[in-house]
Amino acid sequence: MNRIQESIEQSIAVKQAILSNNALMQTVSDAAQLIEASLRAGGKIHFCGNGGSAADAQHLAAELSGRFYFDRPPLNAEALHCNTSYLTAVGNDYGYEYIFARLLRGTAKKGDVLVGISTSGNSKNILEAYKVAKELGVSIVSMTGATGGKMKDCGGLLLNVPSTDTPRIQESHIMLGHIICELVESAMFKKQ
């Protein structure tokens with residue numbers, strides 16, 4: 001029973017640290033505005049991550065492309081890892097570090113947004129995708145843990161959750177992602 005309580009208390013503590021970090025809170029707002037502006041201009045929001053972060057990427061893309069709080073038109077958002085035939089072919093033929101970069105090169109255009117999710121901030125395949133994003137004029141939003149890893153030096157907006165504990169970081173990533181989806185949806189559509 002103690003470990004259950006400890007885990008919940010740790011999760012609350014990380015969220016409290018986010019809540020008291022004004023700069024991070026402003027970056028969440030900035031990310032929502034960046035995504036909204038891209039979508040209004042006909043852009044696409046690309047998400048990428050590995051493992052649990054891939055699940056979060058897919059989850060957040062679905063919140064935008066499906067619906068979040070209310071029925072409204074779909075928004076152009078997709079997770080880059082969802083085509084397993086593509087993923088395994090490119091991973092095999094070119095290397096796993098290029099799975100996101102290659103697809104981004106084929107589907108992204110200037111004005112789009114790439115949201116990279118990595119608890120360590122060091123995922124090679126996301127870093128390779130960021131290189132392509134910069135070439136194409138795609139804006140970057142990074143969701144990481146406390147240090148930001150190598151992703152912190154890639155430009156764009158950095159949402160670095162103040163924790164080094166992977167489960168607590170992932171719980172906060174989905175919370176922040178949900179907030180961004182809510183802000184985008186409510187800014188773009190009137191609730192029916």
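**Exercise 1. Find the residue of β3 that stands opposite I45, then place β3 among its partner strands.**

Step 1. I45 stands opposite V113 in β3. Helices (H or I, at least four residues) and strands (E, at least two) are DSSP runs, numbered from the N terminus.

This is a predicted model: local features need pLDDT of at least 70, side-chain atom pairs count only at pLDDT 80 or more, and totals for chains, interfaces and linings use all residues. Residues are numbered from 1 along each chain as its sequence is written, and side-chain values use heavy atoms, without hydrogens and water.

Step 2. Take β1, residues 45–49. Five bridges join β1 to β3, and the two run parallel. Two strands pair if DSSP finds at least two bridges between them.

Step 3. Now take β4, residues 139–144. Five bridges join β3 to β4, again in parallel. Here V113 stands opposite S139.

Step 4. Trace the connection. From β3 the chain crosses through helix α6 (residues 124–136) to β4, a right-handed β-α-β crossover. Right-handed means that, with the strands pointing away from the viewer, the path from the first strand over the helix to the second runs clockwise.

**Exercise 2. Decide which faces of β3 are covered.**

Step 1. Buried means under 20% relative accessible area, exposed over 50%, partly exposed in between (1.4 Å probe, protein chains only).

Step 2. In β3 (residues 113–117), five of five residues are buried.

Step 3. Split them by side. V113, V115 and I117 lie on one, L114 and G116 on the other; both faces are covered.

**Exercise 3. Describe the surroundings of E182.**

Step 1. E182 is found in helix α7, residues 166–188.

Step 2. E182 is partly exposed, at 36% relative accessible area.

Step 3. Leave aside neighbours within four places in sequence. E182 is then in contact (heavy atoms within 4.5 Å) with F68 and Y69.

Step 4. The C-alpha atoms of E182 and Y69 are separated by 7.2 Å, with the residues 113 apart along the chain.
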